[in-house]
Structure formats: structure tokens, C-alpha cells
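Got your viewer open? Let's take a walk through this one, stop by stop.

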Amino acid sequence: MIVGLLLALIAGALVSLQNIFNSKVNEQAGTWTTTTIVLGMGFLASFGIGLLLEGKHLFSLANMQPWYWLSGIIGVGVVISLVQGIRLLGPTYAISIVLTSQLGFALLWDSLGWFGLEQVPFTSKQLFGVLVIIAGVIVFKVGGGRAVQKAS
Amino acid sequence: MKGSFFAFIGGAFITLQGVANSRISQDIGTWQTATLTQLTGFITALCILLVVRDGKRLGLKRVQPLYLAGGALAAVIIFGNVTAIHQIGATLTISAILIAQLSLTFFIDSNGWFGVAKQRMRLPHFIGIGLMIMGVVILRL
């Protein structure tokens, strides 16, 4: 439990760093050059660490299902959706919706137990918790956003 | 309306990616999953780049190498994301990720690190993070 929470917090902190670095590349190079570089670097790093930790075992894909090959394309869908959303709505509202949707779908898939997730029964407590988090996201993004834009 | 739809689908994709990776890693292993999904994503993005050619590739020379290497963080992000979903489920994982993500982004903004425009911390930011943490506590009660 604590390990899982800690790993999620580390992942979130790194997402924040990565977003900042990626936007620096994006300013100079455009969306698709950036996306290609980001995913290429991600591949090299995963491949390197995987090889280091697992050796030849990294290449044993015994239980491989055909659709696993397609999963990486979801990441490209993320980029397209986010770029369009931000272009049409501006970052504050677009990201508020993105984060809300992320949480909503997490709750949905936990409740349904899809993708081999351990089913977490849907309760009013779960719903209330997620709604409070979403309220936090909106207060943070929308309440904190405007003066920030003026200040910069 | 169209913008909201894109943002909504974008969020769904991010969560889908996490749970799909966590499913795949049960079969082939976590590092195998990270390597495979980044490789297929890279190939797809490269194909799109070759078609749309939106790149100002000369601009890359002006980017600090550190920023170009940012993508490498994905290895650890995917590992953390997948392992956390196995252990505590998608809802709690995504919640914790968002709290850490928004807090650190805000900390970096308020210090103006990495050349980002300096921004002052304001009350709504603290209330927002406070509410998010409260929500996680409610989920775990």
C-alpha cells in the first residue's frame, strides 16, 4: 500500500518535470518532432534499464497478445487530444477537464474491474472522494489560473 | 464544445494507457511493457512527423540537451504507474500522481526554475491541493 502510493507520487513528480522539459522542446521544434523525440528517449531508457535488470529475459515475450503491439499508439492519441483541447480551450480549462476525465475513468475502470484490475466495489465513499479531488483540481486550475496569467 | 471533447478523450486515453500497461505487464513484465509501448508509440509518432512535417528541426539545436532527454523519464514513470496500479488500483494511483504532479509543477513555477515564468503561490492553489489530499484520505477511509 505505502509502496504503491510512494511509486505513484514519484511518477507524478516525474510527469511534472517531463511536461516542463517537453514544453521547452515544443517551443522550438513543434508537436510531432517533440513527440517523436520524447517517445524515442522513453524507448531507449526503458530498453536500457530493462536490459540491465532482466538481460536476455527482456526479449522473452511468451504471453504476448497481438493487441499489446497497439497499446503504444494510445500515447499518440493522448498527444493529439491534448494539443487540440489546449488549442481550442486554453491550458487552464483544457487541463482541468483532462484531469477530471482521468480520475473519472480511473474510478469507472476500478469499479468495473476491467483490464484485469482488481475490482473495487463502487461506493458512495469512492464517489465522494473522487468528487472532492476533482473540486480540488478545479479550484487549483481555475481559481489559481487567472492572476497567474496576468502576472506572467 | 469540440475542445472539451478533445480534453475529455485525452484524459480517458491517459488513464487507459495506465491500466492497459498494467494489464500487459502481468503477461510480459513491466520493463518489457515500457519498452514495447514506447517503441510502438515512437514509430507511430515518427510516421505522423514524416507526413505532417510540422518540425522546425533546426530549432532543436537551440534546445538544452537536458530538456531533449526528458522523455527518458518515461521509463521510471511507466514503472511507477504500472506497479502502483497493481498495488493500490487505478483511482488511488491517478489521484496520487495528480497531487504530486500539480504540487511539483507549482513549486517549480513559484521558484521560476528551468526558465519558466515565475508565478506567485496563491490561496486557491493551497486550497486546491488541500482538497485533493482530503479526497485521497476519503478514498482510503
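Start where the two chains meet: select A and B together and look for the 23 residue pairs in polar contact between chain A and chain B, both partners at pLDDT 80 or more. A polar contact here is a pair of N or O atoms within 3.5 Å; within protein, one must be able to donate a hydrogen and the other to accept it, and residues adjacent in sequence count only if both atoms are side-chain atoms.

Before you click further, some ground rules: this is a predicted model, where local features need pLDDT of at least 70, side-chain atom pairs count only at pLDDT 80 or more, and totals for chains, interfaces and linings use all residues. Residues are numbered from 1 along each chain as its sequence is written, chains are lettered from A and ligands numbered from 1 in the order in which they are written, and side-chain values use heavy atoms, with hydrogens and water left out.

**Stop 1: the side of chain A that touches B**

Colour chain A by helix: you'll find five helices and zero strands (DSSP runs numbered from the N terminus: helices are H or I with at least four residues, strands E with at least two). Which helix gives the most to the side that touches chain B? Pick H1(A), with 23 residues.

Now select the contact residues (heavy atoms within 4.5 Å): 101 come from chain A and 107 from chain B. Chain A's share divides into 59 nonpolar, 36 polar and six charged. For that sorting, Ala, Val, Leu, Ile, Met, Phe, Trp, Tyr, Cys and Pro are nonpolar, Asp, Glu, Lys and Arg are charged, and the others, Gly among them, are polar.

About 9200 Å² is buried between the chains, and carbon and sulfur atoms give 76% of that. Buried area is the accessible area (1.4 Å probe) that two parts lose on being put together, summed over both. Show A:Phe21, A:Gln28 and A:Phe140 as sticks: they supply 8% of the area that chain A buries against chain B, more than any other three residues.

**Stop 2: a salt bridge**

How many salt bridges does the structure hold over all chains? Just one, counting a side-chain nitrogen of Lys or Arg within 4 Å of a carboxyl oxygen of Asp or Glu. Zero cross the interface of chain A and chain B, so hop over to chain B and zoom in on B:Asp27 and B:Arg23, whose side chains meet at 3.8 Å, N to O. These two are separated by about one helical turn because they sit four residues apart in helix H1 of chain B. Side chains of opposite charge can pair when their charged atoms come close.
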